[in-house]
Amino acid sequence: MATTNDLKNGLVLNIDNQLWQVLEFQHVKPGKGPAFVRTKLKNVISGKIIDKTFNAGTKVETANVDRRDMQYLYHDGTDYVFMDAKDYDQVSISPDLVGDAANYMLENQDLQISFHDGTPLSVELPASVELTISHTEPGLQGDRSTGGSKPATLETGYEIQVPLFLEEGTKIKVDTRSGDYLGRVK
């Protein structure tokens with residue numbers, strides 16, 4: 001148990017037997033009346049985001065969430081297989097739980113997986129990853145200065161928009177939260 005004074009971003013709460021992660025919180029002390037805490041919570045399982053207000057000092061139940069460094073091994077056709085970097089235990093996780101992270105995962109890539117009582121909750125990639133463009137149309141000579149973009153297929157099979165001057169085989173940095181092109185990797 002913790003109080004609303006102990007809230008911080010990333011903390012997982014157990015509210016009505018559901019796990020909610022704190023995305024944002026704000027302590028509010030109005031000029032009149034008691035203080036309260038305004039929060040934005042995300043359901044760990046469904047991804048639903050809600051706003052919830054607590055009275056200041058209210059006790060909230062925290063969930064025991066274990067974040068482990070894992071390595072993505074392979075996709076076996078139905079599930080994604082990960083290995084714990086410390087004890088070499090392997091875990092199979094369904095595509096529903098992996099979600100959009102699959103668009104940026106390469107074999108042997110390190111990432112974090114959150115567990116609650118041995119059950120995987122989420123797969124967390126780094127903020128950006130380096131991937132190679134496997135296919136894109138060549139840019140036209142006059143197009144370099146227009147600042148336009150074109151579709152490019154990454155080595156994972158995911159398609160993003162990249163500047164016209166990029167070619168196949170170019171290694172680029174991609175934002176895993178938005179799928180945006182961030183730059184070339186030298």
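This is a dialogue on how to read pockets, salt bridges and buried residues in the structure above.

Trainee: Before anything else, what kind of model is this?

Mentor: A predicted one. Start with the confidence. The protein averages a pLDDT of 87. Of the residues, 96% score at least 70.

Trainee: Where in the protein is confidence lowest, and where is it highest?

Mentor: Confidence is lowest in β11, with a mean of 84. It is highest in strand β15, residues 171–175, at 94. Remember β11. We will come back to that strand.

Trainee: How do I read a pocket?

Mentor: Rolling a probe the size of a water molecule over the atoms shows where empty space is left. Now the case here. The largest pocket has a volume of about 760 Å³. Its lining is made up of 29 residues.

Trainee: Which residues lie nearest the centre of the largest pocket?

Mentor: Look for K42, V98, S122, V123 and E124. Then step back to the elements. Those that give two or more residues to the lining are β4 (36–43), β7 (65–75), α1 (95–98) and β11 (119–124).

Trainee: Which element gives the most to that lining?

Mentor: β11, with four residues. That is also the strand where confidence is lowest.

Trainee: What is the lining of the largest pocket like by class?

Mentor: Count 13 nonpolar residues, 10 polar and six charged.

Trainee: Next, salt bridges. How many does the structure hold?

Mentor: Four. To read one, look for a side-chain nitrogen of Lys or Arg within 4 Å of a carboxyl oxygen of Asp or Glu. Begin with E124, one of the residues nearest the pocket centre. Its side chain meets that of R67 in a salt bridge, at 3.5 Å from N to O. This pair links distant parts of the chain: E124 is in strand β11 and R67 in strand β7, 57 residues apart.

Trainee: Are E124 and R67 buried or exposed?

Mentor: Neither label fits. E124 is partly exposed, because its relative accessible area is 27%. R67 has 35% relative accessibility, so R67 is partly exposed too.

Trainee: What about salt bridges that join up?

Mentor: Take R68. Its partner is D66, with the closest N and O atoms 3.3 Å apart. R68 counts as partly exposed because its relative accessibility is 22%. D66 is at 37%, so D66 is partly exposed as well. Now add D84. D66, R68 and D84 are linked in a network of salt bridges.

Trainee: How does the pair R177 and D175 read?

Mentor: Their side chains meet in a salt bridge at 3.2 Å, N to O. The two ends are classed separately. R177 counts as exposed because it reaches 68% relative accessibility. D175 is at 11%, so D175 counts as buried.

Trainee: Now the buried side. Why does I133 count as buried?

Mentor: Buried means under 20% relative accessible area. I133 has 1%, so I133 is buried. This residue is found in strand β12, residues 128–136.

Trainee: Which residues does I133 touch, beyond those up to four places away in sequence?

Mentor: Among them are A152, L154, L166, T170 and I172. The C-alpha atoms of I133 and T170 are separated by 5.6 Å, although the two are 37 residues apart along the chain.

Trainee: And where is L131 found?

Mentor: In strand β12. L131 is at 0% relative accessibility, so L131 counts as buried. Its contacts beyond four places in sequence include Y104, L106, L154, T170 and I172. The C-alpha atoms of L131 and V174 are 7.3 Å apart, with their positions 43 residues apart along the chain.

How values were computed:
Residues numbered from 1 in each chain as written. Predicted model: local features only at pLDDT ≥ 70, side-chain atom pairs only at ≥ 80, totals over all residues. Heavy atoms only, no water. 1 Å grid on protein atoms, 1.4 Å probe; cavity = no way out; pocket = protein on both sides within 12 Å on 5 of 7 lines; lining within 4 Å. Points joined across faces, edges and corners; volume = space filled by probe spheres on them. Nonpolar A, V, L, I, M, F, W, Y, C, P; charged D, E, K, R; others polar. Buried < 20%, exposed > 50% of the residue type's maximum accessible area, 1.4 Å probe, protein only. pLDDT = per-residue confidence, 0-100. Contact = heavy atoms within 4.5 Å.
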